[in-house]
Amino acid sequence: MALRACGFIVFRRLAQSSPPPDNIEYLLLQTSYGKHHWTPPKGHVDPGEDDLTTALRETQEEAGLREEHLQVVDGFLQELRYEVRGRPKTVLYWLAELRDPKMAVTLSKEHQDYRWAKLEEACSLAQHKDLQDTLRAAQQHLDPEQGKY
């Protein structure tokens, strides 16, 4: 059976001292297991749970950010497919803005560190091309003008 996980690409906008996209930072969490990779908050779908509910639950469990702290961005949903230990895995990511950019992140035991990073640093931390592509797609969704330069 294929593994299925869901989560959010969480971002915040810094004070409007700089124009988009330089005022956007993405939340990445560093796992406390394995190779200590960096990832947005996500996790496996529980039996009987719908995908969006999973994304909200996992974001609360892993980063301490509840539904009322987030503004889900319309029109963005990315699906990643890859193998984990020989088994197919599907991950769905929605895009959500942190309503209060100063809101504290509270990590679960699954993670040892977190970082707010602008796009290029986030892509560098992410390491996997499909996640880098997802972060770039999020940036493009938030700032469509960016691709025109």
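Here is a short chat about the predicted model shown above.

Me: Hi! How confident is the predictor in this chain, on average?
Reply: Hello! This is a predicted model, and the protein chain averages a pLDDT of 92. A score of at least 70 is reached by 91% of the residues.

Me: And which elements have the lowest and highest mean pLDDT?
Reply: The lowest mean, 95, belongs to β5, and the highest, 97, to helix α1, residues 51–63.

Me: Good to know. Let's look at β1: is it mostly covered or mostly open?
Reply: Mostly covered: 9 of the 11 residues in β1 are buried.

Me: Which strand does β1 pair with in the parallel sense?
Reply: That is β6, and the two are joined over 9 bridges. One residue to look for is L3, whose bridge partner in β6 is K89.

Me: What about antiparallel partners?
Reply: β1 runs antiparallel to β4, with 3 bridges, and antiparallel to β2, again with 3 bridges. On the β4 side, C6 stands opposite G43. On the β2 side, F11 has Y26 as its bridge partner.

Me: New topic, pockets! How much space is in the largest one?
Reply: The largest pocket holds about 790 Å³.

Me: Which residues lie nearest its centre?
Reply: Those are Y33, H37, K42, Y82 and K89, out of 28 residues that line the largest pocket. You have already met K89, the bridge partner of L3.

Me: Which element gives the largest share of that lining?
Reply: β5 does, with 4 residues. Several elements supply at least two lining residues each, including β1, β6 and α3 (129–142).

Me: What kinds of residues are in the lining, by class?
Reply: It's a mix: 10 are nonpolar, 9 are polar and 9 are charged.

Me: Last topic, backbone angles. What is special about the phi of H36?
Reply: H36 has a positive phi, near 55 degrees, and H36 is not a glycine. Most residues other than glycine have a negative phi.

Me: Where is H36?
Reply: Look in the loop between β2 (24–31) and β3 (38–39).

Me: And why does H36 count as partly exposed?
Reply: Because its relative accessibility is 31%, and partly exposed covers the range between under 20% for buried and over 50% for exposed.

Me: What is the phi of R85, and where does that residue sit?
Reply: R85 also isn't a glycine, and its phi is positive at about 50 degrees. You'll find R85 in the loop between β5 (70–84) and β6 (87–98).

Me: Is R85 buried or exposed?
Reply: R85 counts as exposed, because its relative accessibility is 81%.

Key:
Residues are numbered from 1 along each chain as its sequence is written. This is a predicted model: local features need pLDDT of at least 70, side-chain atom pairs count only at pLDDT 80 or more; totals for chains, interfaces and linings use all residues. Side-chain values use heavy atoms; hydrogens and water are left out. Buried means under 20% relative accessible area, exposed over 50%, partly exposed in between (1.4 Å probe, protein chains only). pLDDT is the predictor's confidence in each residue, from 0 to 100. On a 1 Å grid over the protein atoms alone, a cavity is a set of points where a 1.4 Å probe fits but cannot get out, and a pocket is an open set with protein on both sides within 12 Å along at least five of seven lines; lining residues have an atom within 4 Å of a point. Grid points are joined across faces, edges and corners, and a volume is the space filled by probe spheres set on the points. Ala, Val, Leu, Ile, Met, Phe, Trp, Tyr, Cys and Pro count as nonpolar, Asp, Glu, Lys and Arg as charged, and the others, Gly among them, as polar. Two strands pair if DSSP finds at least two bridges between them.
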